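User: I am new to reading protein models, and I would like to learn how each descriptive term is justified. Could you take me through this one step by step?

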Amino acid sequence: MSQDSTTVPETSRKLSGRRRREIVAVLLFSGGPIFESSIPLSVFGIDRQDAGVPRYRLLVCAGEDVPLRTTGGLELTAPYGLEALSRAGTVVVPAWRSITQPPPTAALDALRRAHEEGARIVGLCTGAFVLAAAGLLDGRPATTHWMYAPTLAKRYPSVHVDPRELFVDDGDILTSAGTAAGIDLCLHIVRTDHGADAAGALARRLVVPPRRSGGQERYLDRSLPEEIGADPLAEVVAWALEHLHEQFDVEALAARAYMSRRTFDRRFRSLTGSAPLQWLITQRVLQAQRLLETSDYSVDEVAGRCGFRSPVALRGHFRRQLGSSPAAYRAAYRARRPQGGAPDRPDRPERLERGDRLERAELGEQRSGEHSMPLRRPGAPLTHPAHPHHAPHPHGGADLGKPESDAYAPRLPEQATGRAPGRPTLPGQRERPVG
C-alpha cells in the first residue's frame, strides 16, 4: 500500500462493538519526555473543525499508579486510567521513560487486550519499546529513533527493526522515529482516516509540512548499543571505524579480537543485534554517503576511500541499502541543499571519469524529477514486493542474507520484508574482503 492510499490494510482487525473509531487514548508514563507526550495531545485533542479538521475525542490515560513527572520536573495528572483504553479505537504510546526498564505489566495487558479487540496501536519514538514488550511487534516491521534501534533489535530479535524510516504503518500497528517524526505519523493517521485535505489543513495549523521526504538515513550515526561501551570488542569496533578506507574482512576483525571467527560472530551479534559482516557493509555505505554529500570525489574514488574493492561493489551495496545509485543520491542531496555552500573539492583536475560517466548516464535515465530521490517514501507500509530478496552480490564478496537479529544495520532492504524474514545465504561460502 502506498503512502497516498487510505485503504485499510488487511492486517487490521474488526473493531469491538464497545470501541469507537473517533476515540483516541494516549497512554502516559512517569518520566516520559514532554515533547513526544504532547504531540498526540495537540493533534487529536484540539477541536479544529473550523479549519476543516474532523474532530477526535481524546482520552489521556495514566499507564501506572504513580505521579506522572515529565521533563523539567513537571507533574501531570491524567483524567483517566487504564480502564479507559477499552473505549478507544486508537491507542497511542508517545514515549517510554527508559529503554532498559520493563513497562508495567498492567499497561502491557491493556495494550494486548486493545489490539485483540481491533484497536489501532501506535508507538512514537521509544513507545515502540512498550509495544515490543507487549509482544505486538513480533514478526512485524517497526521503527524507532535511530539511536535506539540497535537496542530494540537486540532486545527483541523477532521485531524487524527499520531504523531508516520516519514511520512504519503495518496496518493495525504503527511506529515512528523520534520527536518530529511523531508529528509525521499523527498526520499520516489523520490522512488515513479522513483524507489528504484534512491532513493538509491540520499541517497548516501546526505550521509543518504535510509530508516530509526522505527518512532517518540522513541522521544515522555510527552508534552501537550502549552496552558495548565497556566490552573488549569496543576497541575492535573503534579500529574498524577508523580504517574503513582499508580493505579488510570480518576474519581480520576476529583476529584483532583474538577470537575465532565463530566466537567473534556470536559475541558481536549478542552485543549489537547485527551480524559483523552486515554491520561492516553498512558502515562502509554510511561513509560513502558522507563523502557523496560533502566532497566532489568521483564514485570510483568514493569506493576506494570506503574500502570497497571496486565501484561496482559500492553501487551494489549502496542500492541495496538506499534504493538509489550513488550518483542519483548525490544529485538529489545537492538539489535539496542551499546553493551557498559548495562541497569540499579534492585537489584533482576536473575530469569525468568512467565511473562518473556510467553513473550520470544511469541517473539521466532514472530521473523523473530534479528534486526526487528514488527512495521509498517515508511511512509507506513495508510490502514484500517492494523489496525483493537480494542474492549475494557477485562483486561484494559478501552475503547479505538475514541473520537472526541483524535488524540494526541501518535499513538493509531485506529487513523491509515484514513477516517473511527469510533471506538467502550461501552455506559454507568464505567471506572475502567487503567490496
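Analyst: In this predicted model, a good place to begin is the pairing of strand E6 (residues 120-124) with strand E10 (residues 173-176), which run parallel and are joined by four bridges. Within this pair, Val 122 stands opposite Leu 174 in E10.

User: What makes E6 and E10 a pair of strands?

Analyst: Two strands count as paired if at least two bridges are found between them, and E6 and E10 are joined by four bridges, so the condition for pairing is met.

User: Which strand does E6 meet besides E10, and which residues are bridge partners there?

Analyst: E6 is also joined to E5 by four bridges, and these two strands run parallel. Val 122 of E6 is the bridge partner of Val 92, and Arg 120 of E6 is the bridge partner of Thr 90. E5 pairs in turn with strand E1 (residues 20-28), in the parallel sense and over four bridges, and there Arg 20 has Ala 88 of E5 as its bridge partner.

User: How do you know that E6 is largely enclosed by the rest of the structure?

Analyst: A residue counts as buried when its relative accessible area is under 20%, and five of the five residues of E6 are buried, so the strand is described as largely enclosed. Arg 120, Val 122 and Leu 124 point one way from E6, whereas Ile 121 and Gly 123 point the other way, and all are buried. This fits a general pattern, in which the side chains of a regular strand alternate between the two faces of the sheet.

User: What can be said in the same way about E5?

Analyst: Strand E5 (residues 88-93) has six of its six residues buried, so this strand too is largely enclosed by the rest of the structure.

User: Which elements make up the right-handed β-α-β unit?

Analyst: The unit is made by E5, helix H2 (residues 105-116) and E6. The name right-handed applies because, with the strands pointing away from the viewer, the path from the first strand over the helix to the second runs clockwise.

User: Why is Arg 315 called buried?

Analyst: Arg 315, which is found in helix H12 (residues 311-322), has a relative accessibility of 16% and therefore counts as buried, since the cut-off is under 20%. Its C-alpha atom is separated by 8.6 Å from that of Ala 303, a residue twelve positions away along the chain.

User: How many cavities does the structure hold, and what lines the largest?

Analyst: There are six cavities of 30 Å³ or more, and the largest has a volume of about 100 Å³. The largest cavity is lined by 13 residues, and Leu 28, Phe 29, Gly 32, Ser 37 and Leu 76 lie nearest its centre. E1 and strand E3 (68-69) are the elements that give two or more residues to this lining. By class, the lining has seven nonpolar, five polar and one charged residues.

User: What does the chain look like as a whole, in helices, strands and buried residues?

Analyst: The chain has 14 helices and ten strands, and 56% of its 435 residues are buried.

Conventions: Residues are numbered from 1 along each chain as its sequence is written. This is a predicted model: local features need pLDDT of at least 70, side-chain atom pairs count only at pLDDT 80 or more; totals for chains, interfaces and linings use all residues. Side-chain values use heavy atoms; hydrogens and water are left out. Buried means under 20% relative accessible area, exposed over 50%, partly exposed in between (1.4 Å probe, protein chains only). On a 1 Å grid over the protein atoms alone, a cavity is a set of points where a 1.4 Å probe fits but cannot get out, and a pocket is an open set with protein on both sides within 12 Å along at least five of seven lines; lining residues have an atom within 4 Å of a point. Grid points are joined across faces, edges and corners, and a volume is the space filled by probe spheres set on the points. Ala, Val, Leu, Ile, Met, Phe, Trp, Tyr, Cys and Pro count as nonpolar, Asp, Glu, Lys and Arg as charged, and the others, Gly among them, as polar.
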